[in-house]
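Colleague: Could you walk me through how to read a few features here? I'd like the general idea each time, then the case at hand.

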Amino acid sequence: MKGFLKSVGLLTILLVCSAFLLSGCGEDKPKTIKIGFNLPLTGDIPEVGEGSKNAAEMYLKDINDNGGLEVGGQKYPLEFVYMDNESKAESATNVALKLIEQENVVAIIGPNSSKQAVPAGGTCNENRTPMISPWSTNPNTTLDRPWVFRAAFLDPFQGPVVADFASKKFNAKTAAVIFDVSNDYSKGLAEIFKSSWEAKGLGPVVAFESHGTKDQDFSAQLTTIIAANPDFIFVPDNYNQVALIVQQARDLGYTGPFMGSDAWGTPDLIKLCGEQCFGNYFSTHYAAAGAKGATKVFIDRYEAAYGATPADYAALTWDSIGIMVEAIKNYGKVDADPVEMRKGIREGLAAITSFDGITGSCKFDAQGDPIKCAVVVKISDKGEFVFEESVCP
Amino acid sequence: MDFIIQNILNALQWGSFYALIALGYTLVYGVLRLINFAHGDVFMVGAYIAFFVSGFMLGDTLGLSPTVTFLCALPVTMILTSLVGVTLERIAYRPLRRKGAHRLYVVITALMCGLILEYSNLAVLGASRLKFPELIHKTVWNIGGVTVTNLKVIVIVTAVLVFLFLNFIVTRTKIGMAMRGISYDKFAIPLMGIPIDNIIVFTFILGSGFAGLAGLLFAMSYPILEPFMGMLIGWKAFIAAVVGGIGDIKGAFVGGFLLGFIEVGVVALPFLESTYRDLFAFTILLIILWIKPTGLFGMPQSTKI
């Protein structure tokens with residue numbers, strides 16, 4: 001009992017001390033601007049986390065090599081904290097909390113996919129910390145959340161883009177959808193696509209099948225889809241599932257085209273899917289092949305640094321940091337208290353009406369969502385993503 | 001009609017993997033009364049071993065043709081994976097058994113071993129997925145609207161052959177008799193002069209070897225490897241083994257195919273949505289266990305295997 005009391009006492013002293021320590025830090029003049037990154041470095045889509053981190057490192061080096069970010073006539077170095085959300089919804093909220101409460105970041109970039117961005121956006125909003133999701137396209141990420149912003153277009157825009165393109169390109173009358181029911185992004189986009197396809201009045205969505213995130217066998221769903229004989233299959237899934245779905249559909253005798261969404265756009269899609277994905281189309285945020293201007297400069301530098309073409313999430317992360325930096329400049333000073341600073345950055349973000357990024361220029365609406373163009377790319381016979389068509393709202 | 005036959009084929013292929021993995025669970029349980037929760041991850045390790053073995057054989061130093069690679073990789077993968085299983089038994093389960101630990105602790109150890117395998121793989125190879133090379137040139141046969149690939153046929157035939165082989169070993173051979181003996185009475189068997197540790201090692205060789213075989217075939221059918229690929233399928237195969245009556249070879253085989261058929265069936269039925277697949281699948285299994293708690297072929301108490 002005595003030992004127990006002793007350890008409790010020690011723990012209390014430690015806690016009190018650490019509280020003093022923390023407050024002691026806060027009273028110092030701020031030396032850096034600390035931004036957190038909530039990224040899927042492991043889990044289902046590690047490639048996405050990696051690409052985002054690479055782009056962020058590049059941005060960080062640019063700023064800090066110049067002595068830091070100039071705010072209110074004084075230069076402050078940036079500090080980026082990367083944390084792994086394992087591509088899980090529950091880990092994403094934990095990471096957001098950790099960044100806010102332990103790391104005391106002034107703003108958060110990420111999570112990337114809607115599956116994590118929707119719950120983590122809630123956490124950031126409740127804790128009054130500005131968050132920008134680079135890649136999330138699900139409306140719920142920012143809906144009624146004044147603290148949450150994004151750099152990508154929305155699924156209510158992407159769904160009709162896919163439907164329009166497919167009806168033109170494949171001359172399609174009927175469509176089928178296979179999606180991941182436990183992924184907010186996939187499910188949301190599938191439903192939006194279904195309603196926008198049916199609104200066109202060309203024909204019905206003949207099959208609307210779902211699967212789970214960890215599933216590896218899709219033959220039963222695909223048999224149902226193929227029996228319904230659609231003109232094309234829409235697959236708003238992550239690249240790892242796309243590779244399996246396309247292969248299994250071909251094994252079951254399907255010869256028609258596939259249409260994908262922005263989650264397809266990773267170099268790993270080609271590595272995992274190979275030739276079977278060639279010749280298919282997907283909608284995305286930008287096309288690396290044939291880019292011009294600032295986009296081209298970014299792509300060339302990224303390729304030189306990491307030996308790979310940056311995918312859309314890398315470019316969007318770059319733009320997200322750009323938007324964040326502009327917000328900090330809008331606010332015009334750096335507070336010692338992160339809570340004060342967060343409030344300022346949020347106001348700075350809300351004040352941005354338009355932004356010229358490497359994924360195109362955009363305007364922001366009242367929800368904090370950008371209004372920008374989408375592109376449709378074709379997977380060429382060399383496995384490159386080639387620009388096919390640009391669709392603007 | 002071809003829709004139904006197609007789905008039966010789908011179910012047979014998917015059920016084959018459940019059956020192959022469930023057989024490993026059931027063998028170890030039958031002899032040791034130990035639920036080897038690391039088995040799903042031994043299956044994952046098997047798939048990775050198959051990846052590296054076939055990568056090495058296809059590579060520049062040897063440069064074998066894909067078909068030869070498949071034939072060579074088959075035994076090599078099985079042997080290496082069974083070594084993994086035996087190592088697990090040696091360093092994790094045997095010391096506990098020697099100290100007379102309760103079975104519960106060994107089961108927890110098995111769970112931890114599975115996590116260690118997953119995360120050491122994650123630490124060594126990273127989170128990025130691997131693409132398994134094509135070893136058998138795939139041919140798609142179309143018979144009256146039903147499509148089947150040569151790989152599917154190989155998978156289904158292998159599952160049946162493995163079942164027949166294990167059934168033969170356990171029921172018709174001396175070593176099988178020893179295995180059944182241990183399951184009856186662990187204390188009397190050493191007194192009969194049977195080397196109990198050797199029999200247990202043999203059990204692990206069989207179970208893990210066939211997990212390696214399943215890993216190879218799985219990687220060929222679903223050619224994307226990741227460190228957690230064995231988790232869900234391992235759990236489901238365990239449930240299949242329990243439903244079939246864990247400890248019974250026939251039960252694991254039937255249970256595996258049963259689960260495959262239920263999963264595919266729920267998706268294929270036109271009036272059910274695919275969203276409800278796992279919900280319906282496991283409700284059906286729950287009802288089976290409710291009616292027959294020992295599983296389809298299971299017998300109460302210690303007369304298993």
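Modeller: Let's begin with strand pairing, where two strands pair if DSSP finds at least two bridges between them. In this predicted model, Ala176(A) has Ala207(A) as its bridge partner in β9(A). Strands β8 (residues 175–180) and β9 of chain A run parallel and are joined by 6 bridges. The names are DSSP runs, numbered from the N terminus: helices are H or I with at least four residues, strands E with at least two.

Colleague: Which helix does the chain pass through from β8(A) to β9(A), and what is the hand of the crossover?

Modeller: Point the strands away from you; if the path from the first strand over the helix to the second runs clockwise, the crossover is right-handed. Here the chain leaves β8(A), passes through α6 (residues 184–200) of chain A and enters β9(A), a right-handed β-α-β crossover.

Colleague: And why is β9(A) called largely enclosed?

Modeller: Burial is a neighbour count: with C-beta atoms placed from the backbone, a residue is buried if 20 or more others lie within 10 Å of its own, exposed if 12 or fewer, and partly exposed in between. In β9(A) (residues 205–211), 5 of the 7 residues are buried, so the rest of the structure largely encloses this strand.

Colleague: Before we go on, how should I handle the numbering and the confidence?

Modeller: Residues count from 1 along each chain as its sequence is written, while chains are lettered from A and ligands numbered from 1 in the order in which they are written. As the model is predicted, local features need pLDDT of at least 70 and side-chain atom pairs count only at pLDDT 80 or more, whereas totals for chains, interfaces and linings use all residues.

Colleague: Fine. How do I judge whether a helix has its expected span?

Modeller: Take 1.5 Å times one less than its number of residues. α1(B) has 31 residues and reaches 44 Å from first C-alpha to last, close to the 45 Å expected. Just after α1(B) comes Arg33(B), with a positive phi of about 60°. In chain A, α11 (residues 312–331) has 20 residues and reaches 29 Å, close to the expected 28 Å. Gly332(A) follows α11(A), again with a positive phi, near 85°.

Colleague: Are those two helices enclosed or open, and why?

Modeller: For α1(B), 26 of the 31 residues are buried, so the rest of the structure largely encloses it. For α11(A) the count is 15 of 20, so α11(A) is largely enclosed too.

Colleague: What does α1(B) give to the side of chain B that touches chain A?

Modeller: Contact means C-beta atoms, placed from the backbone, within 7 Å. By that rule, 23 residues of chain B are in contact with 28 of chain A. α1(B) gives the most to chain B's side, with 5 residues. That side divides into 11 nonpolar, 9 polar and 3 charged residues. Nonpolar covers Ala, Val, Leu, Ile, Met, Phe, Trp, Tyr, Cys and Pro, charged covers Asp, Glu, Lys and Arg, and the others, Gly among them, are polar.

Colleague: One last residue: is Gln116(A) buried or exposed?

Modeller: Gln116(A) is found in helix α4 of chain A. It has 33 C-beta neighbours inside 10 Å, so Gln116(A) counts as buried. Leaving out residues up to four places away in sequence, Gln116(A) touches several residues, including Pro40(A), Asn85(A) and Pro111(A).

Definitions and conventions
Two residues are in contact if their C-beta atoms, placed from the backbone, lie within 7 Å.
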